[in-house]
Amino acid sequence: MVIIALDEGGSVGFVERSQAERRDRRRDAPPPRRPVVDVTAGVAIAIVLVFVAPAALRLVTPGVVLVPGSAAPAAGTVDPTPQLGPEYPPLPADSRYPSRVLPPVRTAATGDHAYIGTRPDGSPIAFDPCRPVHFVINQDEVPDAGGQLVRAAMAEISAATGLAFVDDGATSERISEDREPVQPVRYGERWAPVLVDWVDDAEITAPGEELFGVTFPHVIAPTGTASARYVTGSVGLNRAWFAHALGDPAEAAVARGVLLHELGHLVGLDHVKDPAQVMHATSDTVGLADGDRAGLAAVGAGACHADT
Ligand SMILES: [Zn+2]
């Protein structure tokens, strides 16, 4: 369940920083119910995302990608950019605003899907489809075939959402729950790219848990909840489990499913009750089903923004 509360406190506001959620997956045992609460506070507006989510989940996977690294499309016509706070980087040079980078995905698929958060008009909070979603991968001790798996899953999510993902290569950054969304020294004056990192059990699990991954989409709402959007995020993948799974043909498909599940969270999908969907918290689905596709197409059809 996701509750988004908006508290307007004044003038021109801006909000900030919200790490939307912690996602994970547990093998075997059914996940316990554990509240995960993320609070975003801002000067004038506060967005509070409260997730009462299973602590452990379950995921699944496949992929198609598309945008090669450092594509630099010509900028489209850009509306006057509202003056936001200094913590907001300028509109990226590769924004295609007001045009999408890739066409929207048309699908007749229906089925169980849910969003992490919605805006007042009921539309899902989503990435801006008029700019590429950049990502980097920490290659430190990456499992064999791990990088290939990530890129393939990114491609599949791209194809299902119509969001363009751009591979910015390797990084030495490590995942953290208080990650700065803009890191000028490391990434320049832009939203930091989505970080995919390989992590050890102890870094993402509580005692007694075995989690396969965690995902934190980062939401901002510069002018209130109607302007909410994701601008970056982090995905942490259990290094030891993926290394094991990718070395076992029977488990490799599950690993792919786990990655698709995490990337589903990254772009705005929440868990569903239908065990046939990859976004189910604990089932062993290994590929996108109709509900997943309906949800992914919807989060890929979000609004374009001229201000970030
Ligand atoms: Zn999940």
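Student: In this predicted model, how many of the 10 residues of helix 6 are buried?

Tutor: A residue counts as buried under 20% relative accessible area, and by that criterion the buried residues of helix 6 are Gly-291, Asp-292, Ala-294, Gly-295, Leu-296, Ala-297 and Val-299. These residues pack against helix 1 and helix 5. Helix 6 is thus mostly covered, and the number of its buried residues is seven.

Student: How is helix 1 oriented relative to helix 6, roughly perpendicular or roughly parallel?

Tutor: Two packed helices are described by the angle between their axes and the distance between the axes. For helix 1 (residues 146-161) and helix 6 (residues 290-299), the axes are 7 Å apart and the angle is about 75°. Angles of 65 to 115 degrees fall in one class, and therefore helix 1 is, with respect to helix 6, roughly perpendicular.

Student: Which residues of helix 6 does helix 1 meet, and how do the residues of that contact divide into nonpolar, polar and charged?

Tutor: From helix 1, the contact takes in Glu-156, Ile-157, Ala-160 and Thr-161, and their partners in helix 6 are Arg-293, Leu-296, Ala-297 and Val-299. By class, the residues of this contact between helix 1 and helix 6 come to five nonpolar, one polar and two charged.

Student: Which residues of helix 4 are buried, and on what side of helix 4 are they placed?

Tutor: In helix 4 (residues 239-246), the buried residues are Arg-239, Trp-241, Phe-242 and Ala-245. Around the axis they cover an arc of only 165°, so they lie on the same side of helix 4. Among the elements that cover these buried residues are helix 1, strand 7 (194-199), strand 9 (229-238) and helix 5. The names asked for are therefore Arg-239, Trp-241, Phe-242 and Ala-245, and their placement is on the same side of helix 4.

Student: Which residues does Phe-242 contact, leaving aside its neighbours within four places in sequence?

Tutor: Phe-242 lies in helix 4, and with a relative accessible area of 0% this residue is buried. One of its partners is Leu-149, which stands 93 residues away along the chain, while the C-alpha atoms of Phe-242 and Leu-149 are separated by 10.0 Å. Leaving aside the neighbours within four places, the residues in contact with Phe-242 are Pro-143, Leu-149, Trp-198, Phe-212, Leu-237, Ala-255 and Val-258.

Student: At what angle do the axes of helix 4 and helix 5 cross, and how do the residues of their contact divide by class?

Tutor: The axes of helix 4 and helix 5 come within 7 Å and cross at roughly 140°, and the two helices are therefore oblique to each other. Helix 4 contributes Trp-241, Phe-242, His-244, Ala-245 and Leu-246 to the contact, whereas helix 5 contributes Glu-251, Ala-252, Val-254, Ala-255 and Val-258. The crossing angle is thus roughly 140°, and the classes in this contact are eight nonpolar, one polar and one charged.

Student: Which residues coordinate the zinc ion?

Tutor: In sequence, the donor residues follow the spacing H-x3-H-x5-H. Because they are four residues apart in helix 5 (residues 249-266), His-261 and His-265 are separated by about one helical turn. His-261 counts as buried at 0% relative accessibility, and His-265 also counts as buried, at 0%. The coordination is at 2.0 Å and comes from the NE2 atoms of His-261, His-265 and His-271.

Student: Which two residues are joined by a cis peptide bond?

Tutor: Most residues other than glycine have a negative phi, and most peptide bonds are trans. Here the proline concerned, Pro-98, is found in the loop between strand 4 (45-54) and strand 5 (133-138). With omega about 5°, the cis peptide bond joins Tyr-97 and Pro-98.

Student: What is the phi of Glu-141, and what is that of Ala-145?

Tutor: Glu-141 is found in the loop between strand 5 and helix 1, and Ala-145 is found in the loop between strand 5 and helix 1. Glu-141 counts as exposed at 55% relative accessibility, while Ala-145 counts as partly exposed at 43%. Although neither is a glycine, both have a positive phi. For Glu-141 the value is about 55°, and for Ala-145 it is near 70°.

Technical notes:
Residues numbered from 1 in each chain as written. Predicted model: local features only at pLDDT ≥ 70, side-chain atom pairs only at ≥ 80, totals over all residues. Heavy atoms only, no water. Axes fitted to C-alpha atoms, helices over the stretch in contact; angles between N-to-C directions. Parallel < 35°, antiparallel > 145°, perpendicular 65-115°, else oblique. Contact = heavy atoms within 4.5 Å. Nonpolar A, V, L, I, M, F, W, Y, C, P; charged D, E, K, R; others polar. Donors = N, O, S within 2.8 Å, 3.2 Å for Na, K, Ca; no water. Buried < 20%, exposed > 50% of the residue type's maximum accessible area, 1.4 Å probe, protein only. Arc of directions from axis to C-beta.
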